[in-house]
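Colleague: Could you walk me through this one and tell me how each description is earned?
Modeller: Gladly; have a look first, then ask away.

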Amino acid sequence: MSDCIFCKIVDGKIPATKVYEDEDILAFNDINPARPVHVLVIPKKHITSLATVAAEDGPVLGRMLAKANEIAVAQGSPDGFRVIINTGRVGQQEVPHLHAHIVGGPDPVGPMLKRL
Ligand code: AMP
Ligand code: ZN
């Protein structure tokens with residue numbers, strides 16, 4: 001999609017610090033990291049969100065998750081990590097190109113959600 005910021009990263013039109021890439025997925029450092037390790041993993045194909053995946057997207061979603069540990073370890077989170085996929089308005093997704101946040105580092109990342 002031409003006006004999508006993450007598609008532009010895939011196409012090399014805007015820069016990113018890439019940490020992993022293959023035919024189907026790309027991983028790069030979050031520009032505003034919330035933890036010492038904060039990587040975004042995206043499908044190269046534009047998928048808006050988890051709310052809009054098609055049955056045929058299963059393999060690429062699996063690949064994003066299957067690569068998460070390797071990426072986390074390589075980036076300095078050897079002892080686990082958290083994966084977050086914000087989805088839509090309620091999930092407070094800001095960038096409408098599906099992405100998994102991989103957050104971690106040497107220390108535990110903290111509580112999952114602030115309780116209401
Ligand atoms: P979300 O709220 O789940 O949509 O998260 C979007 C994430 O994208 C935020 O953590 C931003 O810091 C990150 N982000 C936005 N623009 C860029 C960019 N050009 N390069 C890397 N990360 C970005
Ligand atoms: Zn896109």
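**The ligand shell and the strand pair**

Modeller: Let me start with the shell around ligand 1, to which helix 1 (5–10) and strand 2 (25–29) each supply at least two residues. Keep in mind that this is a predicted model.

Colleague: Which of the elements gives the most to that shell?
Modeller: Helix 1 does, with three residues.

Colleague: What makes a residue part of the surroundings of ligand 1, and how many are there?
Modeller: A heavy atom within 4 Å is what counts. By that test 16 residues surround ligand 1, and the closest are Asp30, Asn86, Glu94, His99 and His101. The shell divides into seven nonpolar, seven polar and two charged residues.

Colleague: How do you know that Asn86 makes a polar contact with ligand 1?
Modeller: The cut-off is 3.5 Å between N or O atoms. An oxygen atom of ligand 1 lies 2.8 Å from an N or O atom in the Asn86 side chain, so the pair qualifies as a polar contact. The side chain of His99 also has an N or O atom 2.8 Å from a ligand oxygen. With Val95 the partner is a polar backbone atom, 2.9 Å from an oxygen of ligand 1. Taken alone, ligand 1 exposes 510 Å², and the protein buries 85% of that.

Colleague: Which pocket does ligand 1 take up?
Modeller: The space taken by ligand 1 is the largest pocket.

Colleague: Why are strand 1 and strand 2 called a pair?
Modeller: Pairing needs at least two bridges. Three bridges join strand 1 (residues 18–21) to strand 2, so the two strands count as paired. They run antiparallel, and Tyr20 stands opposite Ala27 in strand 2.

Colleague: What joins strand 1 to strand 2 along the chain?
Modeller: A hairpin does, through three residues.

Conventions
Residues are numbered from 1 along each chain as its sequence is written. Chains are lettered from A and ligands numbered from 1 in the order in which they are written. This is a predicted model: local features need pLDDT of at least 70, side-chain atom pairs count only at pLDDT 80 or more; totals for chains, interfaces and linings use all residues. Side-chain values use heavy atoms; hydrogens and water are left out. A polar contact is a pair of N or O atoms within 3.5 Å; within protein, one must be able to donate a hydrogen and the other to accept it, and residues adjacent in sequence count only if both atoms are side-chain atoms. Accessible areas come from the Shrake-Rupley method with a 1.4 Å probe; for residues, only the protein chains shown count as cover. On a 1 Å grid over the protein atoms alone, a cavity is a set of points where a 1.4 Å probe fits but cannot get out, and a pocket is an open set with protein on both sides within 12 Å along at least five of seven lines; lining residues have an atom within 4 Å of a point. A molecule sits in a cavity or pocket if more than half of its atoms lie within 2 Å of its grid points. Helices (H or I, at least four residues) and strands (E, at least two) are DSSP runs, numbered from the N terminus. Ala, Val, Leu, Ile, Met, Phe, Trp, Tyr, Cys and Pro count as nonpolar, Asp, Glu, Lys and Arg as charged, and the others, Gly among them, as polar.
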